[in-house]
Amino acid sequence: MNCDIKIFRTAEESAIALADELAGLINAFTEDRLFSIALSGGSTPKLLFQALAARHNDSLDWRRVSLFWVDERCVPPDDPESNYRMTRDALLEKIAIPPENVHRIRGEEDPDSEALRYSEVIERSAVLKNERPYFDVILLGLGEDGHTASIFPGKESLFRAAETCAVAVNPYSGQKRITITGRIINNAGLVFFLVSGRKKADIVRAIVCKGSKAGYPAQFVRPVYGSIIWYLDDEAASLIGGSKQKRNIF
Ligand code: 6PG
């Protein structure tokens with residue numbers, strides 16, 4: 001597994017650079033199928049989605065892209081907590097992506113039923129590689145407790161689950177979520193971690209420097225055939241060096 005780290009002065013610069021890299025990947029994509037991306041939610045990706053909408057609305061043929069979600073809170077799509085709502089407002093409403101290319105997790109449905117339904121959507125829509133659904137890109141965030149997707153501390157078994165999607169619970173709020181599992185995350189072609197802010201610096205250092213000994217769920221993101229690229233701002237990278245390109249091979 002190859003791992004690159006790209007560090008930028010600010011979260012905005014990091015998001016713009018990632019938007020440009022994603023656009024480059026999509027424009028260079030030549031396979032006879034849709035380029036598949038699974039998006040995380042939370043607050044960090046909003047800058048990325050805004051940069052994609054502002055810089056790559058016209059320069060990108062969004063008809064060639066299919067969008068999925070890494071996870072979703074079990075709330076209606078218009079709820080302020082909804083990852084879909086954040087993505088719709090920051091990106092989807094501003095780009096010409098066909099509605100049929102956008103595969104929303106239905107947070108308003110019964111969680112167990114929706115985990116099954118969304119598993120089927122992914123298994124039907126994504127190409128298979130290594131006998132499991134494959135995403136060209138998976139965008140991940142990092143929680144201050146080291147969670148990623150909706151795989152929280154104590155639930156690392158979701159990295160070994162046989163299911164494509166599972167029901168998770170935010171241990172701090174009790175809120176249910178739908179999440180893709182590690183079986184899918186670690187089958188991706190490229191995993192981007194987009195992380196910003198000083199509060200995440202300790203976790204970033206632990207995962208980047210200690211790898212499998214970090215003691216956090218995000219350490220289990222280890223694409224079997226793919227790569228990880230970290231997009232960090234200076235604050236999140238403050239304990240692993242400054243604004244410079246570093247290559248770390250785990
Ligand atoms: C979610 C995300 C989650 C997120 C981290 C970081 O639904 O909240 O998928 O995994 O990436 O919690 O969230 P912030 O970007 O808000 O810090």
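**Close-up 1. Polar side-chain contacts of the ligand with K200, D71 and T44 in the predicted model.** In this predicted model, a polar side-chain atom of K200 lies 2.6 Å from an oxygen atom of the ligand. A polar side-chain atom of D71 is placed 2.7 Å from an oxygen atom of the ligand, and for T44 the corresponding distance from a polar side-chain atom to a ligand oxygen atom is 2.6 Å. The protein covers 88% of the 410 Å² of accessible area that the ligand has on its own.

**Close-up 2. The shell of residues around the ligand.** The ligand is surrounded by 15 residues, of which the closest are T44, D71, H147, A149 and K200. When the residues of this shell are divided by class, 9 are polar, 4 are charged and 2 are nonpolar.

**Close-up 3. The largest pocket, in which the ligand sits.** The pocket that holds the ligand is the largest one, and its volume comes to about 400 Å³. Its lining is made up of 22 residues, and those that lie nearest the centre of the pocket are G41, G42, L142, G143 and H147. Sorted by class, the lining of this largest pocket comprises 11 polar, 6 charged and 5 nonpolar residues. H147 is named both among the closest residues to the ligand and among the lining residues nearest the pocket centre.

Terms used. Residues numbered from 1 in each chain as written. Predicted model: local features only at pLDDT ≥ 70, side-chain atom pairs only at ≥ 80, totals over all residues. Heavy atoms only, no water. Near = heavy atom within 4 Å. Polar contact = N/O pair within 3.5 Å; in protein donor to acceptor, adjacent residues only side chain to side chain. Areas by Shrake-Rupley, 256 points an atom, 1.4 Å probe, with all protein chains shown as cover. 1 Å grid on protein atoms, 1.4 Å probe; cavity = no way out; pocket = protein on both sides within 12 Å on 5 of 7 lines; lining within 4 Å. Sits in = over half its atoms within 2 Å of the grid points. Nonpolar A, V, L, I, M, F, W, Y, C, P; charged D, E, K, R; others polar. Points joined across faces, edges and corners; volume = space filled by probe spheres on them.
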